[in-house]
Amino acid sequence: MKEQITEPNDWLFEITPKNKLLSLNLKEVWHYRDLLMLFVKRDVITVYKQTILGPLWYLIQPLFTSIIFTIIFNNIAGIKTGGIPPFLFNLAGVTSWNYFRECLTSTSDTFKKNAGIFGKVYFPRIIMPLSNVISNLLKFGIQLLIFIGFYIYFIFKGLAIYPNISILFLPVLVIIMALLGLGLGMIISSMVTKYRDLSFLVTFGVQLLMYVSAVMYPMSIVKEKLGNISWIVEYNPMAHIIETSRYMLLNEGELNIKGILFSIVFTIFIFLIGLVIFNKTEKSFIDTV
Amino acid sequence: MSEIILKIENLSKQYRLGTVGTGTLSHDLNRWWHKVRGKEDPFLKIGDVNNRATKGTSEYVWALKDINIEVKKGEVLGIIGKNGAGKSTLLKILSKVTGPTTGSIKSRGRIASLLEVGTGFHPELTGRENIFLNGAILGMTKTEINAKYDEIVEFSGCERYIDTPVKRYSSGMRVRLAFAVAAFLEPDILVIDEVLAVGDAEFQKKAIGKMQDISKGEGRTVLFVSHNMDAILKLTTRAIVLENGKVVFTGSTDEAVKNYISLKNSIKINKNWDAINEAPGNLFARLKKISVLNNANIPNYDFDVSEDIFILIDYWDFNIENKNTAIIQVFNEYDVLLFSSNEFNSPIWETIHNGNKAVIKTKCKIPSNFLTEGKYSVLVAIGNYNPNRIHIKIENALTFSVRDNFIEGVETVKKNIGGNWPGIIRPLLKWEITKEI
């Protein structure tokens, strides 16, 4: 008789071969929130240990990239950036792009990089990419400060630049970038566990993607210069995100509501697919990685 | 207290052997195609029993097959088995590191595992930071760790170094710190795999003591995997024995340990292969007969220290290019290789192996008063040297045991002295004595 009382489903959990298709177990992630923060802390503290310049590296990379872009694309190629100083224009693009790129690349080798720790202990695997996204946010913040520094410098020099009121929506844009990077990264990381080919693709794929993401040129010149193949930029969600971020920060270019809506829908779609694939992989990737 | 806290039902785990390549992709596509049409995975039907020593026919093996275990609340269950029996796979599935292929595990409590201590230690972080990081990885919250922090540091005995990066720690200190964190975990079910094999003697004692506290005093459910029969006997009351991915025994720890040891050291004193094509070997040699014989040429298992032991190896010799030799290696019960010996030590070996096919009959004598008391296992092999080639090799092919029965009037090393006799062999040596007055 007792059997019948205890038998019914009062199991705390069950381990079965298959996960539910879409189970972002938020309760579980919440239980591990301290771990999430500790990983963020670890990333931030340890990245630049035993380097001389330390966190200065956060600044050097976007600055030099922007300088080179300015020389090549604006001085040599002669791309016009409206009333905005080309350097500031590029810095805005690079700063936004960097955040997306970091989210994507750090997420895309989640399983491979952490096989050691994942092979020994269980915690929601999504914690790892989430911690990447958050620690990159810090980096993004620092780079944004540099941008603001130059912004003020140019204002003092008498340039009439001012942000658009829509800058209040910048956090939303950042979240979209994070989700897109996370979604794509999760898809790639899941496939890399079995087929390593993709990790080669990521390295130069991201590079190529940058050139069609309107980082160093405004969307307005895409149509006139590219003509038939302008879709390559127009249907790139990142291009709209970068363009919008510049609109918010510099009040430059136009706000393409249709474009940004497309980006949001695309991002959510990619993120959900990423989640499904990630869920499917996390259960047994350790056997194939 | 008879509530079942953990229930493992028909659990199986399949692994694919070999490397990942284009074959994997085609299998994956095949599997996916079956799934799309709503059919069963075709690769689940195949698969060999997981025995690493034998050559299988399939790329797929079952590391675990149809495991059924029920664990009651507060029980300390030991899991024993040889290397590759599936112990670690089972623990990995239990701790959710990897998923099962079929079957399920139901649990009424949180499971935490100590598969390997020190997981996630970061060398650049200090001891203090690592305690928090490691604790969080194992599933504790910050508040929980804070509450136990002082105890953890004290248990580890690394107080002095707690604000130094872990990369400056000695390996022993690292392990101490890691074990200390794990020991203060408070899950409902704790899974432990061989963590006692670390640290110095003092710390091992401390660790075993802590385990006993956890299992006895605090009424925690523990699954304990070890090769250390001593620890298993000390800590557990019930145990299961795994062999080749299957549960072969469930019952009291005493019985299970006996079962396990006999599994490993079963009596093997005589084996014949009558059919030449079924005998182990290849084009160059095939085994015909192996046995352990006593003085009277009768297969025997129990020997007295004063008895000669004979290892007989008969084989078909087809090698016309090189001279084959029979080889034996004798291991004691702790798997220590005591010595190896070759047929070519016989003075007539050169002339016997004259390049003609023949049945070679060899017999090697292990002299009396040479081995100490204990159980022995013999590896039998046939091969040739220059070039070196092994045609047949069978580990644990024969077994025998040696005892000192104190037979009257027989010369032995120990004579009639009681107690243990030190040393891993017990040769009777010549002593010369003179006396000066």
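**Exercise 1. Helix H2 of chain B and what follows**

Task: In this predicted model, find which residue follows H2(B) with a positive phi, and what that angle is near.

Solution:
- Step 1. Go to the end of H2(B) and look at Lys96(B), which follows the helix.
- Step 2. Read the backbone angle there: the phi of Lys96(B) is positive, near 65°.
- Step 3. Now look back at the helix itself. H2(B) spans residues 87-94, and 7 of its 8 residues are buried, so "mostly covered" is a fair description, given that a residue counts as buried with 20 or more other C-beta atoms within 10 Å.
- Step 4. Name the buried residues: Lys87(B), Thr89(B), Leu90(B), Leu91(B), Lys92(B), Ile93(B) and Leu94(B).

**Exercise 2. A residue late in chain B**

Task: Decide whether Lys415(B) is buried or exposed.

Solution:
- Step 1. Locate the residue: Lys415(B) lies in the segment after strand E19 (389-403) of chain B.
- Step 2. Count its surroundings: 9 other C-beta atoms lie within 10 Å of Lys415(B).
- Step 3. Apply the cut-off: 12 or fewer means exposed, so Lys415(B) is exposed.
- Step 4. For orientation, take Asp404(B) as a landmark. Lys415(B) and Asp404(B) are 11 residues apart in sequence, and their C-alpha atoms are 9.5 Å apart in space.

**Exercise 3. Two open sheets in chain B**

Task: Work out the strand order of the open sheet of 4 strands, and which strands are at its edges.

Solution:
- Step 1. Follow the sheet across: the order is E11-E12-E14-E17 in chain B, with antiparallel pairing.
- Step 2. Pick out the ends. Strand E11 (270-272) and strand E17 (358-366) are the edge strands, each pairing on one side only.
- Step 3. Note the twist, which averages 20° from one strand to the next.
- Step 4. Zoom in on one pair: E11(B) and E12(B), residues 285-293, run antiparallel and share 3 bridges. Here Asn272(B) stands opposite Lys289(B) of E12(B).

Task: Do the like for the open sheet of 5 strands: what is its order, and why does each edge strand have one side without a neighbour in the sheet?

Solution:
- Step 1. The order is E13-E19-E18-E15-E16 in chain B, and the pairing is mixed.
- Step 2. Strand E13 (302-304) and strand E16 (337-342) stand at the edges. Each has a single partner strand, so one side of each has no neighbour in the sheet.
- Step 3. The twist in this sheet averages 30° from one strand to the next.
- Step 4. Inside the sheet, E15(B) (residues 325-332) and E18(B) (residues 374-384) are antiparallel and joined by 8 bridges. Ala326(B) has Ile382(B) of E18(B) opposite.

**Exercise 4. Where the two chains meet**

Task: Find how many residues each chain brings to the contact, and which element of chain B gives the most.

Solution:
- Step 1. Chain B brings 35 residues and chain A brings 29.
- Step 2. On the side of chain B that touches chain A, strand E5 (102-107) and helix H3 (127-137) each supply at least two residues. E5(B) gives the most, with 5 residues.
- Step 3. Sort that side of chain B by class: 13 nonpolar, 15 polar and 7 charged.
- Step 4. See how E5(B) meets chain A: strand E1(A), residues 13-15, pairs with E5(B) in the antiparallel sense over 3 bridges. Phe13(A) has Ser107(B) as its bridge partner.
- Step 5. Turn to the helices. H3(A), residues 33-47, packs against H3(B) at an angle of about 135°, with axes 9 Å apart. The two helices are therefore oblique to each other, and their crossing is left-handed.
- Step 6. List who meets whom: Asp34(A), Leu35(A), Leu38(A) and Arg42(A) face Phe132(B), Leu133(B), Ala136(B) and Ile137(B). By class, this helix contact has 6 nonpolar, no polar and 2 charged residues.

**Exercise 5. A helix pair within chain A**

Task: Say how H5(A) and H10(A) are oriented to each other.

Solution:
- Step 1. Set the scene: chain A has 14 helices and 1 strand, and 39% of its 289 residues count as buried.
- Step 2. The axes of H5(A) (residues 86-108) and H10(A) (residues 197-211) come within 11 Å and cross at roughly 160°.
- Step 3. The pair is therefore roughly antiparallel, with a right-handed crossing.
- Step 4. Trp97(A), Arg101(A), Leu104(A), Thr105(A) and Ser108(A) of H5(A) meet Val202(A), Val206(A) and Met210(A) of H10(A). This contact has 5 nonpolar, 2 polar and 1 charged residues.

Key:
Residues are numbered from 1 along each chain as its sequence is written. Chains are lettered from A and ligands numbered from 1 in the order in which they are written. This is a predicted model: local features need pLDDT of at least 70, side-chain atom pairs count only at pLDDT 80 or more; totals for chains, interfaces and linings use all residues. Two strands pair if DSSP finds at least two bridges between them. Axes are lines fitted to C-alpha atoms, for helices over the stretch in contact, and angles run from 0 to 180 degrees between N-to-C directions. Two residues are in contact if their C-beta atoms, placed from the backbone, lie within 7 Å. Ala, Val, Leu, Ile, Met, Phe, Trp, Tyr, Cys and Pro count as nonpolar, Asp, Glu, Lys and Arg as charged, and the others, Gly among them, as polar. Angles under 35 degrees count as roughly parallel, over 145 as roughly antiparallel, 65 to 115 as roughly perpendicular and the rest as oblique. A crossing is left-handed if the near helix is turned anticlockwise from the far one by less than a right angle, and right-handed if clockwise.
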